[in-house]
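Me: I'm new to this one and would like to learn how to read it. Could you walk me through it?

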Amino acid sequence: MVPILLEGLKRLEYRGYDSAGVAILNGTLQRVRSTGRVAELERLVQQQALSGAIGIAHTRWATHGVPSEANAHPHVSGGVSVVHNGIIENHEAMRRKLRKQGYEFVSDTDTEVIAHLVHANLASCGNLFEAVRRAMGELVGAYAIAVVCEGDHSRLVIARHGAPLLIGLGDGENFIASDASALVQVTQKMVYLEDGDCADITLERVRVVDAKGGMVERPVQVSQLSAAAVELGQYRHYMQKEIFEQPMAVANTLELVTGAGTVLPQLFGTDAEGVLHGASSVLVLACGTSYHAGMVARYWMEGIAGIPCNVEIASEYRYRISVPDPKALVIAISQSGETADTLAALEHAKKLGHEHCLAICNVPESALVRATDLRFLTRAGPEIGVASTKAFTTQLAALALLTTVMAKLRGRLTPEREAALLQALRHLPSALSTVLHLEPQIRMWAEKFAQCQHALFLGRGIHWPIAMEGALKLKEISYIHAEAYASGELKHGPLALVDRQMPVVAIAPNDVLLEKLKSNLQEVRARGGELHVLADQDTKIIHGEGMHVIRMPDHAGMLSPILHTIPLQLLAYHAALERGNDVDKPRNLAKSVTVE
Ligand code: F6R
C-alpha cells in the first residue's frame with residue numbers, strides 16, 4: 001500500500017507541495033511527515049520501513065498555519081488520523097469547544113479540529129462511520145476528508161462537502177483520492193461522490209450514504225485518463241510539455257468542427273440553441289488565467305456577435321452587490337472546474353435569478369460541469385504545471401466557437417464569414433506550431449529578463465488581456481514583478497516607471513489599433529525604455545537601438561490573441577529557468593484552488 005500512496009502523492013504533488021505526510025495502520029498507527037516535497041517523504045518512509053494494507057496520505061498547500069511538519073497532514077487524535085482538503089470555517093469555535101472537553105492542539109491547522117471531533121464522536125458512538133457522519137453535522141466550510149482509526153483495521157471513512165473526492169474501485173481493494181490522476185496507476189473505475197456524501201470503504205465493498213442519511217448508489221465511471229497523459233515523457237518540465245502540446249490540444253478541442261461545414265449550437269448542449277438564442281447578454285465568471293480568457297471573449301462577443309458581455313473576477317462578483325439580468329447567459333470558465341471562488345460565484349448568480357449557465361471546463365467530472373445546464377469540454381488533457389498554458393489557449397478556442405455560434409444565431413454572420421472563421425480555426429493548430437518555432441529568439445529575451453526586477457507588458461484592444469496573461473505568467477513562475485497595461489493608459493501613470501532597467505513587452509498585431517500602439521511605443525522609447533515587440537508581418541516595426549522585434553506570422557484576425565499568447569508563455573518559462581526556479585511548482589502557489 002505504501003508505494004501506491006507515494007505514487008498517488010507524486011501525481012498530485014502539483015496541487016500542493018508545502019509538506020507531505022502518510023499514516024499507515026499496521027498494528028498501531030504509524031505516521032511520517034515532512035516539510036517539502038514528496039521525494040523527501042519517500043526517503044523518510046523508506047528509512048522507517050513503513051508498511052501496511054490501509055493508509056492515507058496528503059500533500060498540503062498551506063491555508064491555516066505555516067508549512068511545517070507539525071502542520072502537515074495526516075493529523076491525529078488518539079488513534080484517529082485524518083487528511084483534509086478545504087477549509088473548516090468554524091474551526092475557532094470548534095477549537096474552543098474541544099479544548100473544554102480536554103483536547104490539546106499541537107498544530108495551527110483547521111484540520112486538527114476534525115481529528116479531535118471524530119475522536120470525541122467515536123468515544124461516544126463506538127463506530128467510525130457514525131463518528132464521521134456526526135462530525136459532518138458540526139463542521140462548516142469546505143472539505144474532502146479521509147479518516148482511519150487504530151481500533152478498526154478494516155475500513156477507511158471518507159466525506160465530501162464542497163471539495164472533490166472520488167473512490168477508485170479495484171479487485172479486492174479500493175482506493176480514494178481527490179483527483180482521478182492519482183488513481184489511474186491502479187484502476188480506471190471511479191465513483192465520484194456528491195456534496196454531503198459519506199462513504200464507508202473496506203477492501204471488499206463501498207457503501208455511500210448521502211446528506212439525508214439514505215444509502216445511495218453513485219454511478220461507476222470508467223476514466224478516459226491514461227497513465228501516460230500525466231507523465232512527463234521526453235520533456236524536462238510539465239509546463240514545457242504543455243506549451244508544446246498546444247497545437248494538439250487545440251486540435252482536439254476543435255475536433256468536432258474540423259470536418260463540419262457549419263458550427264452547431266448543440267456543441268454546447270442539447271438545449272443550447274434555444275438558450276443561446278434567448279440570451280440578452282453574457283456574464284463571464286472566472287479567476288486568474290481563465291478570467292483573462294473571459295476578457296478576450298468580451299471583445300469577441302461584443303465585436304462579432306453583437307451581444308453585451310460583462311466579465312467578472314469570481315471572488316469579487318460573489319460578494320459584490322450587482323444588478324442581475326436573469327436573461328444573461330452565465331459562462332463560468334475554469335480549467336479544473338473545482339475553483340472554489342468560481343463555483344461560489346456561479347451559485348451566487350443562480351441565486352440572483354440567472355436562468356442559464358454554461359461551463360467551459362477541462363475536467364469532465366468536475367463540480368463545475370455538474371453544476372451547469374450547458375457545457376463545453378476543452379480537450380487539453382491533464383494540465384499539471386501550476387502555470388496554466390494549454391488550458392488557456394483551448395479555452396480561447398472554445399470561446400471562439402461560442403462567439404461564432406452566437407453571431408450566427410443573432411444573424412450577424414454571413415455563410416461566407418462563417419466559412420472563413422471555420423477555415424481559420426482549422427488552420428490554428430498549424431499556426432500555433434509555427435509560433436512555437438520562435439522559441440530560440442524568445443530564449444534570448446528571457447536571458448535578459450531574468451536579470452531584471454520589473455517588467456511591463458503592453459497591449460491594446462483584444463490583446464490587452466493577452467498582455468495581462470503574459471504578465472501573470474512571468475510573475476508567477478519567475479517571481480519578476482510584472483504589470484500589464486492597456487497601452488493607451490501608459491501616459492496616465494505607468495510611464496513614470498519606465499527606465500533602462502525595466503524591459504517593456506509590447507504586443508503588436510497588424511490590426512486597426514497598430515498606429516495607436518506605435519505612438520505608445522514611441523512614448524516608451526523617448527524615455528529610454530527597452531522595447532520588446534511581438535510584431536506581426538507588415539507592421540513596419542523595425543529592429544533597432546532599444547527596439548527588439550520578434551516577427552510573428554501574418555495577422556491571424558480574430559484568432560490573433562491565441563497566437564500572441566505562445567511567445568509570452570515561452571518568455572516566462574525561460575526566464576524562470578534562467579533564475580533556477582521550479583517552474584512546475586512555483587513558490588506559494590498550487591494548482592486548483594479549492595479553498596476561498
Ligand atoms: C495561472 C493560473 C491560475 C488559474 C486560476 C483559475 O497560471 O493557473 O490563475 O487560472 O487559479 O483556475 P481554474 O481555471 O482551474 O478555475
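**Around the ligand**

Reply: Start with the ligand: 14 residues surround it, and the closest are S290, S334, S336, T339 and E476. A residue counts as near when one of its heavy atoms lies within 4 Å. This is a predicted model, where local features need pLDDT of at least 70, side-chain atom pairs count only at pLDDT 80 or more, and totals for chains, interfaces and linings use all residues. Residues are numbered from 1 along each chain as its sequence is written, and side-chain values use heavy atoms, with hydrogens and water left out.

Me: Which domains give residues to the shell around the ligand?

Reply: Domain 2 (235-435) and domain 3 (437-580) both do, so the ligand lies between them. The bounds come from an automatic or database domain assignment.

Me: How far is an oxygen atom of the ligand from a polar backbone atom of Q335?

Reply: For ligand contacts, look for N or O atoms within 3.5 Å of each other. Here a ligand oxygen is 2.7 Å from a polar backbone atom of Q335, and one is 3.0 Å from an N or O atom in the side chain of K473.

Me: Now, how do I find empty space?

Reply: Rolling a probe the size of a water molecule over the atoms shows where it is left. A cavity is a set of points, on a 1 Å grid over the protein atoms alone, where a 1.4 Å probe fits but cannot get out; lining residues have an atom within 4 Å of a point. The largest cavity is lined by nine residues, including R460, H463 and D511.

Key:
A polar contact is a pair of N or O atoms within 3.5 Å; within protein, one must be able to donate a hydrogen and the other to accept it, and residues adjacent in sequence count only if both atoms are side-chain atoms. On a 1 Å grid over the protein atoms alone, a cavity is a set of points where a 1.4 Å probe fits but cannot get out, and a pocket is an open set with protein on both sides within 12 Å along at least five of seven lines; lining residues have an atom within 4 Å of a point.
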